[in-house]
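Trainee: Please take a close look with me at one part, the lining of the largest pocket, and then follow the strand that gives most to this lining.

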Amino acid sequence: MPLSDPSTPHGQNYEAQTLLQHPSGWHVLEHVLGHALQAMGHTTQSASVILLRVALQHTAFADNEADWQTTCSLAQQAQHRLLSALPEGTQSISLSSTQLALVLTPLAPDETLQDILVTAEAALSGSVEIEGVPLAFDALMGASTFPDNGDSARALMTAANAALFEARIENGSAHAATQQGTKAYTDHVLQDHALRRAIAFEDIHLEFLPVMESTSERIIGFEARPLWVQPDHAEDNLASPVSLRQASRLGLIEALNIWTLKTACEQALTWSQPLGVSVSISPTWLEHERLSETLRALLANTGFPAQRLQLELSDRHYFSAPEIARKELSRIRAMGVRLALDKFGTGYSSLERLKHYPFDQVKLDSTFTHNILEDWRAQALLRSILHLIASLDMRCCATGVETQEQFAFLAVNGCQEVQGKVAGPSIESC
């Protein structure tokens, strides 16, 4: 793909940049940066090359397949505004339908990186018109400079991505790369790679958290939770829980859920007593209507009794396609598998979910139990929740129960199960 001639008019891009989703945009960006750095030679002038990463944000981008025309029009207008406002010779590369990269070189001697960021922010302020309708959008930006943030294309790309990552975390509009921020981002990326490898090669194992029945004070089951050794704990071999949110972001949640279910069922079959086992799953793949069939095949292959298995879905996660999710959960419950709404009261429309979905159990988040002995409002609220759960013919499990006094209060008020220190420590084999 040919480079634009430096003598061509301001803002000239690659011929293929009319395609907003370029399949090799990152390779093109690396080539452009390498060309710009080579042209700079051994200059020590600060910010002689700037890489600006832009992430466009609008509700249309949440489902750009359904509204691809709006997405493309917004991105094209944002790109045009930036090229019109930024210095002559700026080159733009589309990394995706909502992601742009701009390479600026050279700059006027009195023009700073902060000036560039202010100019870029101003260019993207306000709204755009699509078919006569004004639409507002936001943009996050991250910038890196040569030679301050690196002397190679990849170093500048990493630093700019780190600055954009920091802008997302802090919900800010524009960030310049810093050494500390780049290191934090690099560690984040390395941890992502390590988790991918751990799940792909099943370099993870389970711990089991005991569940105690309130009336008999005996262990009636375990919650299975996947553990792994993160790169920064490799030397001491210290394992920590796998982040389901991180696995979901990496597109690995289904693989992790299936491995956890299969391994938990296989290990539970070796127990001396037929105790129950609970596994947390992500609701993100309910909408694809694959979970029920996957679970049916898994139970058939392992020979694990469905009645001993409970699936937990966190109230903190959004249930997309609610009607499809309800049907999937109904199919699972029809197999004999129990369903629990975890972290109740800390997420999305808990009462509506209790009405709409076929849950057997509600698991109270630890925030409801840690101060019940000191706060009369917490006691009143907890009594009301326990009464509500009982009236819906559901069981209740309280998590994070640390003292006998907390346990006694919960038991007297009708909470059937507890997890936490009073139930005993977690174990890695049963």
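Mentor: Helices (H or I, at least four residues) and strands (E, at least two) are DSSP runs, numbered from the N terminus. This is a predicted model, in which local features need pLDDT of at least 70 and side-chain atom pairs pLDDT 80 or more, while totals for chains, interfaces and linings use all residues. Residues are numbered from 1 along each chain as its sequence is written, and side-chain values use heavy atoms, without hydrogens and water.

With 4 residues, β9 contributes the most to the lining of the largest pocket, and β8 (205-213), β9 (219-229), α6 (244-249), α7 (253-268), β11 (276-281), β12 (309-314) and β13 (338-344) each provide at least two. The lining has 37 residues, of which E223, R225, S280, D342 and K343 lie nearest the centre of the pocket (an open set of points on a 1 Å grid over the protein atoms alone, where a 1.4 Å probe fits, with protein on both sides within 12 Å along at least five of seven lines; lining residues have an atom within 4 Å of a point).

Strand β9 also holds F222, and W271 lies in the loop between α7 and β11, so their aromatic pair ties together parts that are 49 residues apart in sequence. The pair is edge-to-face, 5.3 Å centre to centre with 65° between the planes (rings of Phe, Tyr and Trp, the last by its six-membered ring, pair if their centres lie within 6.5 Å, and planes over 60 degrees apart count as edge-to-face). F222 is buried, at a relative accessible area of 11%, and W271 is buried at 11% (buried means under 20%, with a 1.4 Å probe and protein chains only). Together with F208, F222 and W271 form one aromatic cluster.

Note on methods
Rings of Phe, Tyr and Trp (its six-membered ring) pair if their centres lie within 6.5 Å; planes under 30 degrees apart count as stacked, over 60 as edge-to-face and the rest as tilted. Buried means under 20% relative accessible area, exposed over 50%, partly exposed in between (1.4 Å probe, protein chains only).
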